[in-house]
Amino acid sequence: MRPTWPTAFLSEIYMWGVAISFATLGWRYNSILIIKGVLISLGISLIVRAFLPKR
């Protein structure tokens, strides 16, 4: 089976969002902003997974 890289990247969007949230908002030492970034990335990942093709 051939790998589908766009689908693999989109299915890991939550982890990318968490990493970006910590990298960009971590220097401010404001945990509420980090939690908001994590929750936004969770919401985006749920929306993206709803539109991904089923196996």
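Helix α3 has 21 residues, and from its first C-alpha to its last it reaches 31 Å, close to the 30 Å expected at 1.5 Å a residue. Keep in mind that this is a predicted model. So which residues of α3 are buried? They are Ile34, Gly37, Val38, Ser41, Ser45 and Val48. Around the axis they cover an arc of only 95 degrees, which puts them on the same side of α3. What do these buried residues pack against? Their partners are α1, residues 5–11, and α2, residues 13–25.

Now spin the helix around. The face of α3 turned away from its buried side carries the exposed residues Ile32, Leu39, Ile40, Leu46, Ile47 and Ala50. Take Leu46, which lies in α3, a helix running over residues 31–51. Its relative accessibility is 54%, and anything over 50% is called exposed, so Leu46 counts as exposed. Leu46 also gives a handle on how the chain folds back: its C-alpha and that of Tyr14 are separated by 8.6 Å, although the two residues are 32 apart along the chain.

Back on the buried side, two residues of α3 are worth a stop. Ser41 is found in this helix, and with a relative accessible area of 6% it is buried. Where does Ser41 make its contacts, once residues up to four places away in sequence are not counted? Ser41 touches Tyr14, Gly17 and Val18.

Val38 has its place in α3 too. At 18% relative accessibility it counts as buried, because the cut-off for that label is under 20%. Leaving aside neighbours within four places in sequence, Val38 is in contact with Tyr14, Val18, Ser21 and Phe22. For one of these, Phe22, there is a C-alpha distance to go with the contact: Val38 and Phe22 are 8.5 Å apart in space and 16 residues apart in sequence. Tyr14 and Val18 turn up again here, as contacts of Val38 and also of Ser41.

That brings us to the other side of the packing, α2. This helix has 13 residues and reaches 18 Å from its first C-alpha to its last, close to the 18 Å expected at 1.5 Å a residue. Which of its residues are buried? Ile13, Gly17, Val18 and Ser21 are. Seen down the axis of α2, these residues fall within an arc of 140 degrees, so they line one face of the helix. The buried residues of α2 pack against α1 and α3. You can tie this to the contacts above: Gly17 and Val18 are touched by Ser41, while Val18 and Ser21 are in contact with Val38.

Not everything in α2 is tucked away. Ala23 lies in this helix, and at 59% relative accessibility it counts as exposed. Ala23 can still be placed relative to α3 through Ile34: C-alpha to C-alpha the two are 9.5 Å apart in space, and they are eleven residues apart in sequence. Ile34 itself is one of the buried residues of α3.

Between α2 and α3 there is a loop, and Tyr29 lies in it. Is Tyr29 buried or exposed? With a relative accessible area of 77%, Tyr29 is exposed. Its backbone deserves a look as well: phi of Tyr29 is near 55 degrees, a positive value in a residue other than glycine.

Finally, look at the surface. Phe9, Leu10, Trp16 and Ile20 form a nonpolar patch there, with about 400 Å² of accessible area together. Which elements give two or more residues to this patch? They are α1 and α2. Phe9 has its place in α1, and at 44% relative accessibility it counts as partly exposed. So α1 and α2 both contribute to the nonpolar patch, and they are also what the buried residues of α3 pack against.

Key:
Residues numbered from 1 in each chain as written. Predicted model: local features only at pLDDT ≥ 70, side-chain atom pairs only at ≥ 80, totals over all residues. Heavy atoms only, no water. Helix = DSSP H or I, 4+ residues; strand = E, 2+ residues; numbered from the N terminus. Buried < 20%, exposed > 50% of the residue type's maximum accessible area, 1.4 Å probe, protein only. Expected span 1.5 Å × (residues − 1). Arc of directions from axis to C-beta. Contact = heavy atoms within 4.5 Å. Patch = residues over 30% accessible without salt bridge, like charges linked within 9 Å, V, L, I, M, F, W, Y side chains within 5 Å. Areas by Shrake-Rupley, 256 points an atom, 1.4 Å probe, with all protein chains shown as cover. Salt bridge = Lys/Arg side-chain N within 4 Å of Asp/Glu carboxyl O.
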